[in-house]
Amino acid sequence: MIVVAGEALIDLVPQGAGALAGLKPALGGGPYNTAVALGRLGSPTAFCSRTSRDAFGEALLDGLRAAGVDVSGVQRGAEPTTLAVATIDGDGSAAYSFYVEGTADRLFVAPEALPAGTRAVSFGTCSLVLEPGATAYETLLRTAAAQGVFTALDPNVRAGLIPDADAYRARFRSWLPSVSLLKLSEEDALWLGGSPKEWLAAGPAAVVITHGGDGLSAFTRDGAVYPVPGEKVDVVDTIGAGDTVNAALLHGLAAQDALSTEALLGLGSDGWTRLLRFAARAAAITCSRAGAEPPYASEVEEV
């Protein structure tokens, strides 16, 4: 079982140009997209979050169920669902503004235990920013790591939600001793500051950095670097591409029985290259269609 911990929200995606263009609701949130992608790839997956009992909350759970994700541990609340208003630029990249005050996912409480058979837990995005839920997710991260569970972190920075950038950067660094695999985009890496060498020295066994259409690179604690080019595709938009990479990495590591620090360091050039190419293929498929629509196992060659 791979557990994905974090927010589920509704993306409001513009259907035309201008501030008053019509908005189409879509299921979203970085952790939510990661869970759906894992389920579609065929990994046994559970979602750990708190969702509203409103119609959007029900739709989010339905989307997870349709992907085969276990939602039995999802907490529920009467508060509304978080909304994210997206804007899409000329190259398909998305930017967001958020409506988060008093929403259900902010009131997440760390569970007493992870599901039986949990092999890995994935964290990231808004859930690690918005209190009081952020502290609860942080507690879960540290607890899982202390129990020897493989942990993955994708900060997926949303700068508009972060009131004190320096405080968040310090908090990010404090998480690293509890992280097995750190994945971030070039933009996140620039905003957070530091380098793969520094981050690896703080805790993770490996760091994966995505370079948009140019591919992705893995850096490991033993000093190795494994770059892989991107897959060429006609980009519709990039919504959910990074989340698909998260899922593909975890799915691929599970397939190689490599969900441990020791196994990560033992993958070698062949193992990392196959894993990163698989992630690049999966992300390219997501970019080829509108919204966060990650591929199914039948659409992407196995790792």
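**Exercise 1. Which residues does F47 touch, leaving aside residues up to four places away in sequence?**

*Solution.* Start by listing the contacts. F47 touches V4, G6, E7, A8, P31, Y32, A35, L64, V69, D70, G73 and V74. Keep in mind that you're looking at a predicted model.

Next, put F47 in its setting. The largest nonpolar core has 52 residues, and F47 is among those that touch the most other members, along with L64, L253, L264, W272 and L276. Helix 9 (residues 268-287) gives this core its largest share, nine residues.

Last, look for another core. There's a second, separate one of 40 residues, and C126, L130, Y137 and L176 are among its members.

**Exercise 2. Work out what span helix 2 (residues 55-66) should have, and check it against the model.**

*Solution.* Take the rise first: 1.5 Å a residue. The span counts one less than the number of residues, so the twelve residues of helix 2 should cover 16 Å. Now check the ends: the end C-alpha atoms of helix 2 are 16 Å apart, so the two values agree.

**Exercise 3. Find which residues of helix 2 are buried, and where they sit around its axis.**

*Solution.* Remember the cut-off: buried means under 20% relative accessible area. In helix 2, that picks out G57, L60, L61, G63 and L64. These residues cover an arc of only 155 degrees around the axis, so they lie on the same side of helix 2.

Now turn the helix around. On the face pointing away from the buried side you'll find A55 and A66, which are exposed.

What lies over the buried residues? The cover includes helix 1 (30-41) and several strands, among them strand 2 (9-14), strand 3 (23-28) and strand 4 (45-48). Strand 5 (50-52) and strand 6 (75-77) belong to that cover too.

**Exercise 4. Describe what you meet at the N-terminal end of helix 2 and just after the helix.**

*Solution.* At the N-terminal end, look for the cap. D54 does that job, with a side-chain oxygen 3.2 Å from the backbone nitrogen of F56. Then move past the other end: helix 2 is followed by G68, which has a positive phi, near 85 degrees.

**Exercise 5. Is strand 9 (residues 120-124) largely enclosed or open?**

*Solution.* Count the buried residues: five of the five in strand 9 are buried, so the rest of the structure largely encloses this strand. Check each face. A120, S122 and G124 are buried on one side, and V121 and F123 are buried on the other.

Now find the strands that pair with strand 9. Strand 1 (residues 2-5) pairs with it in the parallel sense over three bridges, and I2 stands opposite A120. Strand 10 (residues 150-154) also pairs with strand 9 in the parallel sense, over five bridges.

**Exercise 6. Zoom in on G124 and collect what surrounds it.**

*Solution.* Begin with its place: G124 is in strand 9, and its bridge partner in strand 10 is D154. G124 has a relative accessible area of 2%, so it counts as buried.

Leaving out residues up to four places away in sequence, G124 touches A5, E7, P31, L153 and D154. As for G240, it is 116 residues from G124 in sequence, while their C-alpha atoms are 13 Å apart in space.

**Exercise 7. Is T210 buried or exposed?**

*Solution.* Locate T210 in strand 12 (residues 206-210). Its relative accessible area is 12%, so T210 is buried. To finish, list its contacts beyond four places in sequence: K183, L184, S185, E186, G215, L216 and V245.

Notes. Residues numbered from 1 in each chain as written. Predicted model: local features only at pLDDT ≥ 70, side-chain atom pairs only at ≥ 80, totals over all residues. Heavy atoms only, no water. Helix = DSSP H or I, 4+ residues; strand = E, 2+ residues; numbered from the N terminus. Buried < 20%, exposed > 50% of the residue type's maximum accessible area, 1.4 Å probe, protein only. Arc of directions from axis to C-beta. Contact = heavy atoms within 4.5 Å. Polar contact = N/O pair within 3.5 Å; in protein donor to acceptor, adjacent residues only side chain to side chain. Core = buried A, V, L, I, M, F, W, Y, C linked by side-chain atoms within 4.5 Å. Pairing = 2+ DSSP bridges.
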